[in-house]
Amino acid sequence: MTKELTAKIAKIMGEMTAFSKTGKNQGMNFKFVEINEILHDVRPRFAEAGIVMFPTKIEPHSIEFGETRNGGVSTHIFLNVTWTVTDGESEITVASFGEAMDTSDKASNKAQTAAEKQALQKLLLISNE
């Protein structure tokens, strides 16, 4: 990683503020920071700095299937995701972990979204209020 990429990431890190937990899981009664709020804030900062972040390796750690109360199938997935962060000149990799459960076909998508949120929070030292 070059000093330039480090400086770009450090500048964005310094501009970040804490996010409020505006999302609410009704079923389990807890609040969380929504990924869309982070992306809404980070995306233009990355674009201005010429930084892109994308997944380069997605590895299922485990996939478990269960039965729902109604007799349907529930999928519980754990993903290890490796992200490349680059400005076109140099790059770093960021590893993150995502976990999700779904009774339809979205468990993998949800787990990758959780991994993206974790990667951004750790890369930019984003805190919660």
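In this predicted model, the chain carries 14 positive and 17 negative side chains. The centres of the two charge sets lie 5 Å apart.

The accessible surface of the chain comes to about 8100 Å². Carbon and sulfur atoms contribute 51% of that area. The chain has 129 residues, and buried residues make up 35% of them.

The secondary structure consists of three helices and five strands. Read from the N terminus, the elements follow the order α-β-β-α-β-β-β-α. A helix thus opens the series, and a helix closes it. Two strands stand between the opening helix and the next helix in the order. Three strands then precede the closing helix. Along the principal axes, the C-alpha atoms fill a box of roughly 55 × 30 × 15 Å. Contacts in the chain with a separation of 6 or more were also examined. Of these, 55% are between residues 24 or more positions apart.

One position was examined individually. Gln 121 belongs to helix H3, which spans residues 107–123. The relative accessible area of Gln 121 is 16%. Residues under 20% are classed as buried, so Gln 121 is buried. Neighbours within four places in sequence were set aside for the contacts of this residue. On that basis, Gln 121 is in contact with Ile 38, Ile 126 and Asn 128.

Technical notes:
Residues numbered from 1 in each chain as written. Predicted model: local features only at pLDDT ≥ 70, side-chain atom pairs only at ≥ 80, totals over all residues. Heavy atoms only, no water. Helix = DSSP H or I, 4+ residues; strand = E, 2+ residues; numbered from the N terminus. Buried < 20%, exposed > 50% of the residue type's maximum accessible area, 1.4 Å probe, protein only. Contact = heavy atoms within 4.5 Å. Areas by Shrake-Rupley, 256 points an atom, 1.4 Å probe, with all protein chains shown as cover. Lys, Arg positive; Asp, Glu negative; His and termini not counted. Charge placed at Lys NZ, Arg CZ, Asp CG, Glu CD.
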